Amino acid sequence: MNFNRRTLIAAASAAAFASAPFAASADGLPRNVRMVIGSTSTGGDTYQNSAIVAEALSENLGINIKVDAVGSTEAFKALNRDSRGSTIMIFHDQSYLGNLYGRQGYDDPFANYVVGPTVAINPGNAYLVPADSPYQSMEDILTAAENGERVRVAIQPGGVSEIGFSAMKNAARVRAPGSEENIVAVNTGSQSDKNQAMWDDLADVINGSIQANEQFTQLEDGDDKAMRFVWITARDATLGQAPEAGMGGTTRDDMLAYASPETSVTLDGTNDFTFDKEFFFLFNPDMDPAIIDQIDTALAEIYAAGDIQERQKESFFIPNFLPSAEATAHLTDKRDTYADVITAIAGN
């Protein structure tokens, strides 16, 4: 193996980061910080968003922050072990939805950790049907369930993928009690698994995303893989901040037609159900509160400067900074709303 100067410098830098003591800076944060995330993918939205935030914080605070994609279970373990502030975490709504759905490895984050600031929204959570489906809208799907038709929905159970499915069942229950039994889950795994369930005619509707599935909505008529959006769960106020061009061949106005209020999936007969996939910090419960204040202050300065918003929008994230206190109140209310939906369809 040949070693050049660049290789040696990179190796030395990595070794220095790994071996350097986690000495606190003058403001409380260590010089070297590990930002664990609840995903093992370095190509997914959690890593992309966290990398943008980590870089901005590093520059603002003059410290080194390394994003580590270890997955939810290992991330929570790492956070539990470290109260010094040398390990912090970014995740999204899965952190509490996993707990609400009873998934192993998901403790209540509001009880076991400190919920920190929000930083961005991925507005892409969506539901799709085959291009030749008789269902043209969510109204058609809910009417079919009311008329006794069985509607199969492919999801990855236990979190972000399932919450919209729960909302569908709840909307059916509100509209015509008993019809929720006709909306049934087809439990799969990754997005490719959900897509395949549709193509194999095992599902009538699938959970997907604008980012992953928009390409299939642009296929020509007659293509076996062609899909259509029927519902985007994000709030219209969130989608309204997306670039006007949207993504691919789907403009922002196109997206808004699939979101509330244009597409209605009722929550309680009066209000619509909506879901924004929000990214936020989590901290060890015994960490010095001054460190949380420092991160809040740094992020306030970063978002006031405005550069991070442009980077986030380029990656189809919607900037959404809320300091810790506001974020905790907002996410608690959101969690409680979804807990009610899940309880209602469980018959409890």
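The exercises below, each with a worked solution, deal with a predicted model and go from its two domains to single residues and salt bridges.

**Exercise 1. Describe how the chain is divided into domains, and state how far apart the domain centres lie.**

Begin with the division itself: the domain assignment gives domain 1 as residues 32-123 together with 277-341, while domain 2 takes residues 125-275. Next, take the centres of the two domains over their C-alpha atoms, and the separation between domain 1 and domain 2 comes to 27 Å.

**Exercise 2. Characterise the interface of domain 1 and domain 2 by its contacts, its buried area and its polar pairs.**

The contacts come first: 19 residues of domain 1 are in contact with 27 residues of domain 2. For the next step it helps to know that the size of an interface is often expressed as the accessible area that is lost when the parts come together. Here domain 1 and domain 2 bury about 1900 Å² between them, and 67% of this area lies on carbon and sulfur atoms. On the side of domain 1, the residues that lose the most area to domain 2 are Y101, F316 and V341, which together account for 36% of what that side buries.

Now turn to the polar pairs, where six residue pairs are in polar contact between domain 1 and domain 2. Across this interface of domain 1 and domain 2, zero salt bridges are found.

The last step asks which elements build the side of domain 1 that touches domain 2: α4 (94-100), β4 (114-122), β11 (318-322) and α14 (324-346) each supply at least two of its residues. The largest share, four residues, comes from α14. Sorted by class, this side of domain 1 has nine nonpolar, five polar and five charged residues.

**Exercise 3. Decide whether S209 and S95 are buried or exposed, and list what each of them touches.**

A residue counts as buried when its relative accessible area is under 20%. S209, whose place is in strand β8 (residues 205-209), has a relative accessible area of 16%, and therefore S209 is buried. Leaving aside neighbours within four places in sequence, S209 is in contact with G124, A126, Q191, E214 and F229. One of these partners, Q191, is 18 residues away from S209 along the chain, and the C-alpha atoms of the two are separated by 8.7 Å.

S95 lies in helix α4, and its relative accessible area is 0%, so S95 is buried as well. If residues up to four places away in sequence are not counted, S95 touches F76, Y106, D107, P109, F280 and L282. In addition, a polar atom of the side chain of S95 lies 2.9 Å from the backbone oxygen of H92.

**Exercise 4. Find which parts of the chain are tied together by the salt bridges of E55, D108 and E278, and say how accessible the partners are.**

As background, side chains of opposite charge can pair when their charged atoms come close. The structure holds 14 salt bridges, and three of them are followed here, one after another.

In the salt bridge of E55 with R311, the closest N and O atoms are 2.8 Å apart. E55 belongs to helix α2 (residues 45-61) and R311 to helix α13 (residues 307-314), so this pair ties together parts that are 256 residues apart in sequence. E55 is partly exposed, with a relative accessible area of 38%, and R311 is partly exposed at 36%.

The second pair is that of D108 and R335, whose side chains meet in a salt bridge at 3.7 Å, N to O. D108 sits in the loop between α4 and α5 (109-112) and R335 in helix α14, and the pair links these distant parts of the chain, 227 residues apart. With a relative accessible area of 23%, D108 is partly exposed, whereas R335, at 15%, counts as buried.

In the third pair, the side chains of E278 and K334 meet at 2.9 Å, N to O. Because E278 lies in strand β10 (residues 277-283) and K334 in helix α14, the pair ties together parts 56 residues apart in sequence. E278 is buried, with a relative accessible area of 2%, and K334 is buried with 8%. Finally, salt bridges that share partners join D93, E278 and K334 into one network.

Note on methods:
Residues numbered from 1 in each chain as written. Predicted model: local features only at pLDDT ≥ 70, side-chain atom pairs only at ≥ 80, totals over all residues. Heavy atoms only, no water. Domains from an automatic or database assignment. Contact = heavy atoms within 4.5 Å. Buried area = accessible area lost by both parts, 1.4 Å probe. Salt bridge = Lys/Arg side-chain N within 4 Å of Asp/Glu carboxyl O. Polar contact = N/O pair within 3.5 Å; in protein donor to acceptor, adjacent residues only side chain to side chain. Nonpolar A, V, L, I, M, F, W, Y, C, P; charged D, E, K, R; others polar. Buried < 20%, exposed > 50% of the residue type's maximum accessible area, 1.4 Å probe, protein only.
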